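Please look over the sequence and the model before reading on. The report that follows takes up charged side chains, then strands, and then a few single places along the chain.

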Amino acid sequence: MAKWMLRQTSANVEALAHQTGFDPVLVRLLAVRGYKEAGEIRSFLCPENGELADPLLFADMDKAIFRIQKALAEKESFVVFGDYDADGIMSTVILLRTFAALGANPSYYIPKRDGEGYGLNNEAISGLAEQGIRLIVACDNGVSAFEQVEYARSLGIDVVIFDHHDITINEAGEQVLPAAYAVVDAKRTDCPYPFKFYCAAALCYRFSQALFASLERDWTQLQADLLPLAALASVCDIVDLVGENRTLVKLGLPAIQKSRNYGLRALLRATDLEKQAEITTYHVGFVLGPCINAAGRMGQVDTATRLFLSDDPTQAALLAEELVELNQQRRKMTEAGTAAVFQLIKERGLEEDKVIVVHSSQITESIAGIIAGRVKEKYYHPTIVIGGEGEILRGSGRSIHGYNIFEGLSEVRDLFPSFGGHPLAAGLSIREQDVDELRFRINENCSLEEDDFQQVYRIDCALDPACVNLNLAKSLQLLEPIGKSNDAPLFAAKGLRLMKLCILGKTGKTLRWHFRTPRGMLCEAIDFHGKDLLEQYITQNYGPERWQQLCSGSCGKAEESIFLDILYSVSCSCYMGRESAKIEIVSFRPSAMERS
């Protein structure tokens, strides 16, 4: 059973609400997240007024600018070496657009996900050398490519790296960097840049600014073109939406609808978002992002790159439709692959392992990360899913809070031809004969205890649902953009008496709850995901007749009442031009009132 934990704060919420003029509930939400001063609260809620630090503070940024200026001045042949996910594609496009604005036309190279895998590889480097390339500008990769950078140097190729992945630390606790001409990564221990959580596209966006400043060129129009791409990548790559990321995304989301980029505008049309009143992190993360990522997952990453580089609206429309179709194919492939992996886990009893490691030849690496995420969500265990067949396999890992999967893989790095990632997500390649050894050793090293495998809901505020109104819902919109490190507020209420249930939707998986609060107020809420769980709970504890009774609109006798505690979120809803506050059920449990 999941843990419910109410966040606490020592801040004087009433005084802060008076000082700032914001709703006390909103102020409490920020106070429990560490914003305890009036100035901090104002800065967080108005990030568009914030300034970004000087990009020249990044370690090696000056060296990167110098080497690229030299390539531009001497008209060297150089290449942008990107990655196949949304962040890698946006990074590539941002750099290419920047260089094009300066009159240069470098080529670009993005490795095939299911052939080459992530990052720089020697075969690609050799081919680039044969083309006369003398500079590789790597984006969203490179910081762990020690051997590949050395190989490039041996062929007379300089490498400039713009990356945001974790830096390798040796046994002495010292950072180890590849021998590149420049390594720009805020996670370097010697990097004085104050903000550490950019995605690669945002880093390339800041490089573009610094490069133009160094050349004394006006960056205004290019900035307007690149900002929505950096914001899109920041959301898709699930970086922390605080500090400078919050500023970029807050400014960048509205810019998406105003973008001059033919590809972005075509994708908005193809996904029926063109006339959306407001583009939110939801639309980017769950509508646009999957279409962009589908290109890499389905082996057609060039489709997405060409889309955002296109200056032809007709071509852009065709490419956008192709991405939507690729995403539909990816969904079908993912559903089949997920079922196969769950079956393997069940057959082999892998759900008992601290770290679930599963290999299925029925899936490709391209969907391994999505499936790993689904396994992690079901079992709440760190999970590594490996796909394909042959001598070298590739996989992805997804982790839970409390387990740094990048560090876990680092402890067994001798098993991997290559790997990289973050505390909560990682990618790797591995020999087929080493998969069982990985499973054994990573579990042997794992120090997680039984309690760590309980999902924890961190509640921002205990609030009677009867207190929810449109004014509160609108004030909560100030927390946008919502995302990592700035989750949607989670509210809790106890002792709610279930009155009736209405089954909604074509699939019958949506419920509308009707309940009374302890003060006797009648409220309703929508439940998009918990219908099966609620039906199972009521049927097992009260019988199927009770479920049918509630669904037919009868709460039954008082002594037969069902009392529940709920976790819920609050948002604005608009139906036929009428706005209202919407309560959405996140989870439930039997109430202590009932248990007593």
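## Salt bridges around arginine 188

In this predicted model, aspartate 190 forms a salt bridge with arginine 188, and the closest N and O atoms of the two side chains lie 2.8 Å apart. Arginine 188 also has a salt bridge with aspartate 60, where the closest N and O atoms are 2.9 Å apart. This second pair links distant parts of the chain, since 128 residues separate aspartate 60, in the loop between helix H3 (38–45) and helix H4 (61–73), from arginine 188, in the loop between strand E8 (182–184) and helix H8 (200–214).

Are these residues buried or exposed? Arginine 188 has a relative accessibility of 7% and therefore counts as buried, the cut-off for that class being under 20%. Aspartate 60 is likewise buried, with a relative accessible area of 15%, whereas aspartate 190 is partly exposed because its value of 42% falls between the 20% and 50% limits.

## Other salt bridges

Side chains of opposite charge can pair when their charged atoms come close. The count of salt bridges in the model comes to 26. One of them joins aspartate 434 to arginine 431, with 3.9 Å between the closest N and O atoms. In this pair aspartate 434 is buried, at a relative accessible area of 17%, while arginine 431 is partly exposed, at 29%. Elsewhere, Arg67, Lys70, Glu74, Glu76 and Asp158 are joined into one network by salt bridges that share partners.

## Strand E16 and its partners

Which strands pair with strand E16, and in which sense do they run? Strand E16, which covers residues 491–504, runs parallel to strand E15 (residues 461–462), and two bridges join them; here alanine 462 of strand E15 has alanine 492 in strand E16 as its bridge partner. With strand E19 (residues 563–575), by contrast, strand E16 runs antiparallel, and the two are joined by five bridges. In that pairing the bridge partner of alanine 493 is isoleucine 566 of strand E19.

Strand E16 also pairs with strand E17 (residues 510–516), in the antiparallel sense and over seven bridges, with isoleucine 503 standing opposite leucine 511 of strand E17. Strands E16 and E17 form a hairpin that has five residues between the two strands, and in the turn glycine 505 has a positive phi of about 85°.

## A patch of negative charge

On the surface, a patch of negative charge gathers Glu449, Glu450, Asp451 and Asp452. The last-named residue, aspartate 452, is placed in the loop between helix H17 (435–445) and strand E14 (456–459). Its relative accessible area is 32%, so aspartate 452 is classed as partly exposed. A residue must have over 30% relative accessible area to belong to a patch, and aspartate 452 therefore passes that cut-off.

## Arginine 265 in helix H11

Where is arginine 265 found? Arginine 265 belongs to helix H11, which spans residues 262–270. With a relative accessibility of 36%, arginine 265 counts as partly exposed. Arginine 265 and alanine 320 are 55 residues apart along the chain, and the C-alpha atoms of these two residues are separated by 9.1 Å.

Note on methods. Residues are numbered from 1 along each chain as its sequence is written. This is a predicted model: local features need pLDDT of at least 70, side-chain atom pairs count only at pLDDT 80 or more; totals for chains, interfaces and linings use all residues. Side-chain values use heavy atoms; hydrogens and water are left out. Patches are made of residues with over 30% relative accessible area and no salt bridge: like charges are joined within 9 Å, nonpolar side chains (Val, Leu, Ile, Met, Phe, Trp, Tyr) within 5 Å. Accessible areas come from the Shrake-Rupley method with a 1.4 Å probe; for residues, only the protein chains shown count as cover. A salt bridge is a side-chain nitrogen of Lys or Arg within 4 Å of a carboxyl oxygen of Asp or Glu. Lys and Arg count as positive and Asp and Glu as negative; His and the chain ends are not counted. The place of a charge is taken as NZ of Lys, CZ of Arg, CG of Asp or CD of Glu. Helices (H or I, at least four residues) and strands (E, at least two) are DSSP runs, numbered from the N terminus. Buried means under 20% relative accessible area, exposed over 50%, partly exposed in between (1.4 Å probe, protein chains only). Two strands pair if DSSP finds at least two bridges between them.
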